[in-house]
Amino acid sequence: KVVDFLSCGVDPREVTQVAGLEDGGILAACFGGGSRYSEKQPSLLLLRPTAEQGQEARICLRLACYGLDSALIEPILAFNRTNAACYIEVTDYQEYDLSGGSGAGLTRLATEILAGDVPDLFCTENLPVRTYAAQGILLDLNSCMAEDPEFSRDAFVEPLLQALELDGGLYELPCGFSVKTLFGLEETVSAFTWTAEGMEQALSQLEPGATVLPRSYTRQEGKAFLCESLEAFVDWEAGRCRFESPAFLALLRLVASLPEEAAQLEEPWLTQEGLLAVRQQLLIPVSLQSFEAVVYQLEPVGDTAFVGYPGDQGSGRFACVRPMAISAACPAQAQAWQFLTGLLEDSTYFPVLREELEQLFQSSMEVRYSEDADGT
């Protein structure tokens, strides 16, 4: 690369044209400066090379990702513009894919790590966190929390941290989370079990022809459903798989009962909630990312209960939003931790900070009123 705009604190999305100058400088035409199109303004940006010692005064933190999330660009820009000790240089390994998401970029990253060329920061989506943690590549973030009074372990949602731990170590931290689970009518699923007998008994309480999962589910979606239960059948530490248990065989039969392709629904206007209410469907899979979502999706049906996925992992699974990790060999771990904790505010999902989650919960419980034209 001739110039890395992000490393220089320039938003590459705002650069429209670039031209190289004879003295080694870069002239860039930009269009930006506001969140709305009407607020954006054209500008010219002149970048000139500086003496090497000027850049050497700041530590370069290399961030590796596979597909740079646009939501990360602003925090990286803010860090690079304000941090006097470090700056972040991003390598998006998706750029090395040959075509159509071949995964060549992930292979390149794994090869570089194997050769000892380890980045300082990781976006851990699509990365084998368990493997890298076992190899000592990733930093246990509990050590950062122990030295940070503002972001100590007590400041976070503890069940989330427990779910992310591997052998007592915490190697990644998301900026938000949602909860993936399934629910059904309480009177039908209060004693439900993920076995062939349990599903048969639950279906016997519903209308003839009722389904366990949505009628739009295909076998492909059923396989994805199985992946949510992987922890119940795989012992990662011992390296063993248990794919002959009655619970797994019951799930296989459930997937086999699903169609290969989505069929035309006889009553396309009837929602999943409607099918649940009229006892034509046993369970509804949901991804809850706010307390309001719980109200909107569960309350119209009536008295409901969470069933969760097969296995012993509780009534749901955490889905992490933009999880990040720090290398154990990072030369500026405190600065890297500062960057990670700066990402923790994300209003779209459940927050990972305990106090913010509690405030969100209390706010969602407030009763709000509005007046109509008659003053009611």
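User: Before we look at Thr124, what does "contact" mean here?

Analyst: Contact means heavy atoms within 4.5 Å. Keep in mind that this is a predicted model. Now take Thr124: if you skip its neighbours within four places in sequence, it is in contact with Val129, Glu172, Pro323, Met324 and Ala325.

User: Okay, and where does Thr124 sit along the chain?

Analyst: Look at the loop between β6 (121–123) and α4 (129–134), and you'll find Thr124 there.

User: Is Thr124 buried or exposed?

Analyst: The idea is to check the relative accessible area: under 20% is buried, over 50% is exposed. Thr124 has 5%, so it counts as buried.

User: Which side chain does the side chain of Thr124 make a polar contact with?

Analyst: That's Glu172: the two side chains make a polar contact at 2.6 Å. Glu172 is also on the contact list of Thr124.

User: Let's try Leu44. Where is it, and is it buried or exposed?

Analyst: Leu44 belongs to strand β3, which covers residues 41–47. Its relative accessibility is 67%, and because that is over the 50% cut-off, Leu44 is exposed.

User: Which residues make the nonpolar surface patch?

Analyst: Leu44 is one of them, together with Leu21, Leu27 and Leu46, and the patch comes to about 350 Å².

User: What is Val18 in contact with?

Analyst: Leu27 turns up again here: apart from neighbours within four places in sequence, Val18 is in contact with Phe5, Leu27 and Ala28. Val18 itself lies in strand β1, residues 15–20.

User: How far apart are Val18 and Cys30?

Analyst: You can count along the sequence or go through space. Val18 and Cys30 are 12 residues apart in sequence, and 9.0 Å apart from C-alpha to C-alpha.

Note on methods. Residues numbered from 1 in each chain as written. Predicted model: local features only at pLDDT ≥ 70, side-chain atom pairs only at ≥ 80, totals over all residues. Heavy atoms only, no water. Patch = residues over 30% accessible without salt bridge, like charges linked within 9 Å, V, L, I, M, F, W, Y side chains within 5 Å. Areas by Shrake-Rupley, 256 points an atom, 1.4 Å probe, with all protein chains shown as cover. Salt bridge = Lys/Arg side-chain N within 4 Å of Asp/Glu carboxyl O. Helix = DSSP H or I, 4+ residues; strand = E, 2+ residues; numbered from the N terminus. Buried < 20%, exposed > 50% of the residue type's maximum accessible area, 1.4 Å probe, protein only. Polar contact = N/O pair within 3.5 Å; in protein donor to acceptor, adjacent residues only side chain to side chain.
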